Amino acid sequence: MPAIFLLGFMGSGKSAVARALSRQLDLPLIDLDARVERQIGTSIAQFFASKGEEAFRQAETRVLTEVGEEKAVVSLGGGVPTRARNREVLQLATREGALVVYLAARSETLAQRIRRQPGKRPLIDGQGTLDFDQTKARVEQLLGEREAFYRECASFEVQTDERTIPQIAGILADKWGQIHSKR
Ligand code: S3P
C-alpha cells in the first residue's frame, strides 16, 4: 500500500513533520522509533546500552517490514537507510507508489536540535556530555557516511533549515497531491 516515508538525520524534523502531514492529509501516523520501542519493551537508548546497535537494527528492520504494508505517514529512524535490506523495502515501496522524502539540514542545525534532547541519541552523545562543537563534529562524520544512502532511497528532497514545520508539511502535501492527481 502506498505511504509517505520521511527520512533524514537525527534532528531533521521527521517526527514533527510527520505529525503535521498526517493531520493535513488525514492519514494515520506511524513513528518507527516508537513502534520499535513498543516491540523491544524499553527505550532505544536503554536497548543500545544493554544489547548494542546490531540488536537494535534487527528490531528496526522487522518493524519497517511490517509498516511497509500500511497506508500511513511514516517517520523513520535516522539510521534506517544504512541497511541494505531497509533500502530494498523503501525502493519497493517507491515502485508501488510511496513517496520517500529526504529532509535535509545543515550540520549546525542538526547539532542544535540534537542538543535540545540530551542523552536521547546514543550514536551521537549517549551521556549528554558533548559540547556544541563536539556534537557538530560527530554529526558531520555520521552525515558524511549516510548522505548518499538518504539520497539513494528518496525520490524527493526538502531543505529544512530555513523552513517551519507547517511549511515543510505543506510542500509535501502538495507533492503527494500531484502524484495522486496523475493516477
Ligand atoms: C538513529 C536515529 C534515532 C534512533 C536511534 C538510531 C540513527 O532516530 O532510531 O537512536 O542511527 O540515526 P531519530 O532519527 O528519530 O532520532
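Q: Before the ligand, what counts as a polar contact here?
A: A polar contact is a pair of N or O atoms within 3.5 Å, and please keep in mind that the model is a predicted one.

Q: OK, so how far is the side chain of Lys14 from an oxygen atom of the ligand?
A: An N or O atom in the Lys14 side chain is 2.7 Å from a ligand oxygen, which means that this pair falls within the 3.5 Å limit for a polar contact.

Q: And what about Asp33 and Arg121?
A: For Asp33, a polar atom of the side chain lies 2.7 Å from an oxygen atom of the ligand, while for Arg121 an N or O atom of the side chain is 2.8 Å from a ligand oxygen.

Q: How much of the ligand's accessible area does the protein cover?
A: On its own the ligand has 390 Å² of accessible area, and the protein covers 96% of that.

Q: Which residues come nearest to it?
A: There are 14 residues around the ligand, and those that come nearest are Lys14, Asp33, Arg57, Arg121 and Arg146. By class, the shell around the ligand has 6 charged, 5 nonpolar and 3 polar residues.

Q: Which helix gives the most to that shell?
A: Helix H4 does, with 3 residues, and H4 (53-67) and H7 (122-125) are helices that each supply at least two.

Q: Switching to pockets, which one does the ligand take up?
A: The ligand's space is the largest pocket, in which about 650 Å³ of space lies. The pocket is lined by 34 residues, and the closest to its centre are Met10, Gly11, Asp33, Lys120 and Arg121.

Q: How does that lining divide by class?
A: The lining of the largest pocket has 12 nonpolar, 12 charged and 10 polar residues.

Note on methods:
Residues numbered from 1 in each chain as written. Predicted model: local features only at pLDDT ≥ 70, side-chain atom pairs only at ≥ 80, totals over all residues. Heavy atoms only, no water. Near = heavy atom within 4 Å. Polar contact = N/O pair within 3.5 Å; in protein donor to acceptor, adjacent residues only side chain to side chain. Areas by Shrake-Rupley, 256 points an atom, 1.4 Å probe, with all protein chains shown as cover. 1 Å grid on protein atoms, 1.4 Å probe; cavity = no way out; pocket = protein on both sides within 12 Å on 5 of 7 lines; lining within 4 Å. Sits in = over half its atoms within 2 Å of the grid points. Helix = DSSP H or I, 4+ residues; strand = E, 2+ residues; numbered from the N terminus. Nonpolar A, V, L, I, M, F, W, Y, C, P; charged D, E, K, R; others polar. Points joined across faces, edges and corners; volume = space filled by probe spheres on them.
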